[in-house]
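Me: I'm new to this structure and would love a close look at a single part of it. Could you pick one helix and walk me through the way it packs against its neighbours?

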Amino acid sequence: MTATDLPVDRPVETPPARRFRLSAPVLLLGLAGLVVLLSVARLVTGANDITSAGTVSAALGLAVPIGLAGLGGLWSERAGVVNIGLEGMMVLGTWFGAWGALQFHSPWAGVVAGAVGGALGAVIHAVATVTFGVDHIISGVAINIVGVGFTQYLSQLVFDGMPGGGTKNSPPLPKMGTVSLGFLDDPLRTVEAKHWFVLSDFAGVLRGITQGVSWFTILAILLIPLSFYILWRTPFGLRLRACGERPVAAESLGVNVYLYKWAAVIVSGVLAGLGGAFLSIVAAGIYRDGQTGGRGYIGLAAMIFGNWRPGGLAGGAALFGYTDALQLRQGGISVHALLLVVALLLAAVAVYQLVRQRRGVAALITGVVAIAVYVVFAATDTVPEQFTSFTPHLTTLLVLSLASQRLRMPAADGVPYRRGQAK
């Protein structure tokens, strides 16, 4: 026997850890589990509106502007440009959307005008950050300030003196058409009214998303898979994301980094402007000063919660829209029922952190918070109305604090870039 015939000890190769992928079946299963959890909370508390069609319909309408703003931030930040100015671009979208709808007597003309208004703010942001290298945060804050002042001036100039208009509001706007699946309305309404466990809750959810849905809402929903396809399935999207990850490497391969950053910021402004136009044309049917109410910032939070991905962003927007809708439906009673849902979800997260991730300290902290939330729920019958209006913002803080440990922003997001760094 020669030395070459002797067995050689080889290092045992451990298989790579499988990454969790959010597939469509897993997503549907998670949504079904959430509805079951809400159904349990409804039976325990008697807060029937937490899964009613009215709440779901309101949540869908409130989620659209947040989702469009977050989608705008996703495009910009995937190319490496932080866009704090989404709020200001949304403000421009609200005014230009109202003006376009009135000027051309068509809500769709207002949609186009709102997109153009948001793009105007994006051009300023792109000139400052991409062309001249101004700090992204400073530029975004400046756009937020200028957007508010500019629209106030335009309102005094255009809307003041119109029948029904004023210095802080426009006349009533043309209404946007809606679509309904009429054959589902009566059977779903009947099942929802029975208040059966789970079945009535699913009926309420389905009725809320199939009756009286604006065409603008459908357009906004379609923009999410379209953005995913463009950014993750096309050469254009690959180059754009490369500009946000390794712009120097992208330039060395012949990519015009400035051009792609400009394109991303303009698309970002268009999407934010669409979100503003939705608020004035669909949500309110009128332009009002201060109409955005910080939704541009909540859109940024939804984007971060979604880990800079369109699917996660949509989930974050739906969450914030739902918590915002609860204050409109039974107010304190609905938010009080939500406390039980939050306590159960936190308890499940604590178990997952302990069993699967082996993170004892994190599991202990999450468990303590879950117990505290449940104690508040058990010790009260309702939530004061002063607190319900703060629910969406508190939800934003809680979600970001829980999701912060799994986030990965684009590597070059917010990093100044000048042409020629690759040389």
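Reply: Happy to; what follows is a walk around one helix and two of its packing partners. Keep in mind that this is a predicted model.

Our helix is helix 8, which covers residues 215–233. Let's begin with helix 2, made of residues 53–78. The axes of helix 2 and helix 8 are 10 Å apart and form an angle of about 20°. An angle under 35 degrees counts as roughly parallel, so helix 2 and helix 8 run roughly parallel to each other. Their crossing is left-handed. On the helix 2 side, the contact is made by Leu60, Val64, Leu68, Leu71, Leu74, Trp75 and Arg78. Helix 8 answers with Thr217, Ala220, Ile221, Leu223, Ile224, Ser227, Ile230, Leu231 and Trp232. Sorted by class, this contact holds 13 nonpolar, two polar and one charged residues.

Now turn to helix 11, residues 257–283. Helix 8 packs against helix 11 at an angle of about 160°, and their axes lie 11 Å apart. Because of that angle, helix 8 is roughly antiparallel to helix 11. This crossing, too, is left-handed. Helix 8 contributes Phe216, Thr217 and Leu223 here, while helix 11 brings Leu271, Leu274, Ala277, Phe278 and Val282. Those residues comprise seven nonpolar, one polar and no charged.

Two residues of helix 8 are worth finding on your screen: Thr217 and Leu223 take part in the contact with helix 2 and also in the contact with helix 11.

Methods
Residues numbered from 1 in each chain as written. Predicted model: local features only at pLDDT ≥ 70, side-chain atom pairs only at ≥ 80, totals over all residues. Heavy atoms only, no water. Axes fitted to C-alpha atoms, helices over the stretch in contact; angles between N-to-C directions. Helix = DSSP H or I, 4+ residues; strand = E, 2+ residues; numbered from the N terminus. Parallel < 35°, antiparallel > 145°, perpendicular 65-115°, else oblique. Left-handed = near helix turned anticlockwise from the far one by under 90°. Contact = heavy atoms within 4.5 Å. Nonpolar A, V, L, I, M, F, W, Y, C, P; charged D, E, K, R; others polar.
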